[in-house]
Amino acid sequence: MVFLDRHYEFFIKYNVRLIFCNNDNTSITELNKDYAQLIIKIINNNKNHGYFGSAREALIYLKNIEYNYVILSNVDLCLDESYFKGLADNISDEPLILAPSIISNLTRRQQNPLYREKPRKIKMRFLYFLLLNRYFYAFYKALSSVFSRESTKQSDLRIYAVHGANVIVNYKAIQRGIDFSHCGFLFGEEISLAERVAELDVEVKFIKTMKVVHYEHDSTGNYLRSKLITCYHRRSIGNIIRKFF
């Protein structure tokens, strides 16, 4: 419950309520009284339903609740108070998805926007090829972290895809049809969301003043250690290429 410990005061101050989707084979049954007041629901799946799969389950419990945003978030993040102030400053009557500034703790580089524009098919095919071998992909990731372009200095920038570590969807976008559908199990969710967003004409906006630190690999582990993670990633990219490119 490090995530709760880290952000408890912000959650209270900004009236944030939580649904925990536990994709582990253990069960969360009780929380201390202070934390319990923040929780709408704890969903114990006993097996991994995937990132967007769990998000779809959580949406069921929001049907009769008033809210401004649904925030889909990893728990390996540290959210600055500027993040919560940004939520308040960007309340809109139009369908909207927000992309906060996400800084990697490993590289200190900006991870949003994930894609400013839709990537080309050749790039997706190259990614699929690299994922045939986890060592190839790990080497590519390492090079990318060194030679990636500097992050954009622009804020309030319209983009194609938000980084999946923290996705902020307002009420109007949920009502329009954003439902976290995905053609894979894990990985590639951002492109599935981006394509749904384009279909429904929902704006995606990068807000650089909303600060988040991402403690990478705490959620999915290291590619060099896990053939299974590489396999899941490759399958999802294959599905995405077939469906969207």
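1. Quick yardstick before anything else: a residue is called exposed when its relative accessible area is over 50%, and buried when that value is under 20%. Keep in mind that this is a predicted model.

2. By that yardstick L132 is exposed, because its relative accessible area comes to 51%, against a cut-off of over 50%. L132 sits in the loop between α5 and α6 (134-147).

3. L132 also belongs to a nonpolar surface patch, together with F126, Y128, F129 and F136. Their joint accessible area is about 500 Å². The most generous contributor is helix α5 (residues 121-130), which supplies three residues.

4. Now for the inside. The largest nonpolar core counts 28 residues, and I97, V169, I178, F180 and L193 have the most contacts within it. Elements giving two or more residues to this core include α3 (51-59), β5 (96-104) and α8 (189-200). Helix α3 has the largest share, with four residues. Apart from this core there is another one, of 23 residues, including Y35, Y69, L77 and I207.

5. Have a look at F180 too: leaving out neighbours within four places in sequence, its contacts are F52, A55, R56, L59, V70, L72, V169 and I174.

6. Then there's H182, in the loop between α7 and α8. H182 counts as buried because its relative accessibility is 14%, and the limit is under 20%. Its side chain makes a polar contact of 2.7 Å with the side chain of S192, and a polar atom of that H182 side chain lies 2.9 Å from the backbone oxygen of F187.

7. H182 also touches I240. The two are 58 residues apart along the chain, with their C-alpha atoms separated by 9.0 Å.

Notes. Residues are numbered from 1 along each chain as its sequence is written. This is a predicted model: local features need pLDDT of at least 70, side-chain atom pairs count only at pLDDT 80 or more; totals for chains, interfaces and linings use all residues. Side-chain values use heavy atoms; hydrogens and water are left out. Patches are made of residues with over 30% relative accessible area and no salt bridge: like charges are joined within 9 Å, nonpolar side chains (Val, Leu, Ile, Met, Phe, Trp, Tyr) within 5 Å. Accessible areas come from the Shrake-Rupley method with a 1.4 Å probe; for residues, only the protein chains shown count as cover. A salt bridge is a side-chain nitrogen of Lys or Arg within 4 Å of a carboxyl oxygen of Asp or Glu. Buried means under 20% relative accessible area, exposed over 50%, partly exposed in between (1.4 Å probe, protein chains only). A nonpolar core is a set of buried Ala, Val, Leu, Ile, Met, Phe, Trp, Tyr and Cys residues joined through side-chain atoms within 4.5 Å. Contact means heavy atoms within 4.5 Å. A polar contact is a pair of N or O atoms within 3.5 Å; within protein, one must be able to donate a hydrogen and the other to accept it, and residues adjacent in sequence count only if both atoms are side-chain atoms.
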